[in-house]
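Dear colleague,

Please find below the structure that I am handing over to you. My notes on what was found in it follow directly after.

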Amino acid sequence: LVINCSLFSPTPSLCAMVISKFGMRQDIQSFNLSGMGCGASLISVGLAKDLLQRRRFRSGKALVVSTEVITPNLYHGNERGFLLQNTLFRCGGAAIVLSNSWSDGRRAWYKLLHTVRVQSNSEEAYNCVYEAQDSENHRGVRLSKEIVKVAGKCMEKNMTTIGPYVLPLSEQIPVVTTMVLRFVLKTMGKLLKASGHEKWAAKLPNKKHYVPDFKRGVDHFCIHAGGRAVIDGIEKNMKLELFHTEPSRMALMNYGNTSSSSIWYEMEYIQEHQKTNPLKKGHRIMQVAFGSGFKCTSGVWLKL
């Protein structure tokens, strides 16, 4: 049992509440994740995947619950940076069952292909989503103006990492080439600085990450419904069509930003309601989400 809830972390834990409420077995392994923001759902899925893969010769099931309970953490002050917390987010939740048993594959809806997590370690990234107190000692989560820039850099690295796993060879070659060039230029810069040639090191070109055309390897996209600007920005940078971002826009309109569970509201929309890009057997669905820290998580599913 893996439960993620960023702001609400009671004692006993949410896992203990669920185990007690539903009378689960005493030997169940439970993990309660908090403080990881809107990208925590795919981190939970990744953790469940790793645990199930360790049981190579034994079948097992994992229940993943992604939720957000914001009511106890409502901000009562007047500072704009903190007030965004009250206006952006809504309570929401989703539950997913994963299995490593071949027999369950015949009735499963999706197969998990890959999960990738990229963590930024800069001071700017660390402070862009931060729980603190305002000048009047009201507690809340402050969102920095740098969050869009930080999220863009983090997502760029994530897409570069997951690209080779889901893209055709024609898109993989530029990704690998760019990564090799960046490594070579970075190594040359270090050698020049070590030998006292800082001026020459500064003249080396800064090769940007290559963002491939994911439409060639992915059929549907579940982009975290963090806001209209977030969806618009990703649509532009990844050169997506309107029907690719339709699930995210509909989830934002109908439910708001439900934090880590939003990508599951979007997957449900693709499965049950979308007419502009109908879901078919063999299609691939990519989920992308962001979280405090700062991190970007992504996962790819195959429709069975």
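Met 188 is a convenient place to begin: with a relative accessible area of 39%, Met 188 is partly exposed. Please bear in mind throughout that this is a predicted model. Met 188 belongs to helix α6, which runs over residues 169–194. On the surface, Met 188 joins Val 176, Val 180, Phe 183 and Val 184 in a nonpolar patch. Together these residues offer about 450 Å² of accessible area.

As to the protein as a whole, its fold contains 10 helices and 10 strands. The C-alpha trace spans about 65 × 55 × 40 Å along the principal axes. For 304 residues, a compact globule would be expected to have a radius of gyration near 19 Å, and the 21 Å of this protein agrees with that. Buried residues account for 43% of the 304 residues. The exposed surface comes to about 17,300 Å², of which 56% is supplied by carbon and sulfur atoms. If one takes the contacts between residues at least 6 apart in sequence, 71% of them join residues at least 24 apart.

Helix α8 deserves a separate paragraph. Which residues of α8 (residues 228–237) are buried? They are Ile 231, Ile 234 and Glu 235. These residues lie on the same side of α8, because they cover an arc of only 100° around the axis. In general, an α-helix has 3.6 residues a turn, so residues three or four places apart point the same way. The cover over the buried residues of α8 includes two helices, α5 (147–166) and α9 (242–255), together with the strands β8 (220–223) and β9 (284–291). On the face turned away from the buried side, α8 carries the exposed residues Ala 229, Lys 236 and Asn 237. Just after α8, Lys 239 adopts a positive phi of about 55°.

Finally, I would draw your attention to a loop. Arg 58 is found between α2 (40–54) and β3 (61–68), in the loop that links them. Is Arg 58 buried or exposed? Its relative accessible area is 54%, and Arg 58 therefore counts as exposed, the cut-off for that class being over 50%. Arg 58 and Asn 100 are 42 residues apart in sequence, while their C-alpha atoms are 8.4 Å apart in space.

With kind regards

Notes
Residues are numbered from 1 along each chain as its sequence is written. This is a predicted model: local features need pLDDT of at least 70, side-chain atom pairs count only at pLDDT 80 or more; totals for chains, interfaces and linings use all residues. Side-chain values use heavy atoms; hydrogens and water are left out. Buried means under 20% relative accessible area, exposed over 50%, partly exposed in between (1.4 Å probe, protein chains only). Helices (H or I, at least four residues) and strands (E, at least two) are DSSP runs, numbered from the N terminus. The arc is that of the directions from the helix axis to the C-beta atoms. Contact means heavy atoms within 4.5 Å. Patches are made of residues with over 30% relative accessible area and no salt bridge: like charges are joined within 9 Å, nonpolar side chains (Val, Leu, Ile, Met, Phe, Trp, Tyr) within 5 Å. Accessible areas come from the Shrake-Rupley method with a 1.4 Å probe; for residues, only the protein chains shown count as cover. A salt bridge is a side-chain nitrogen of Lys or Arg within 4 Å of a carboxyl oxygen of Asp or Glu. The radius of gyration is taken over C-alpha atoms; the globule rule is 2.2 Å times the number of residues to the power 0.38.
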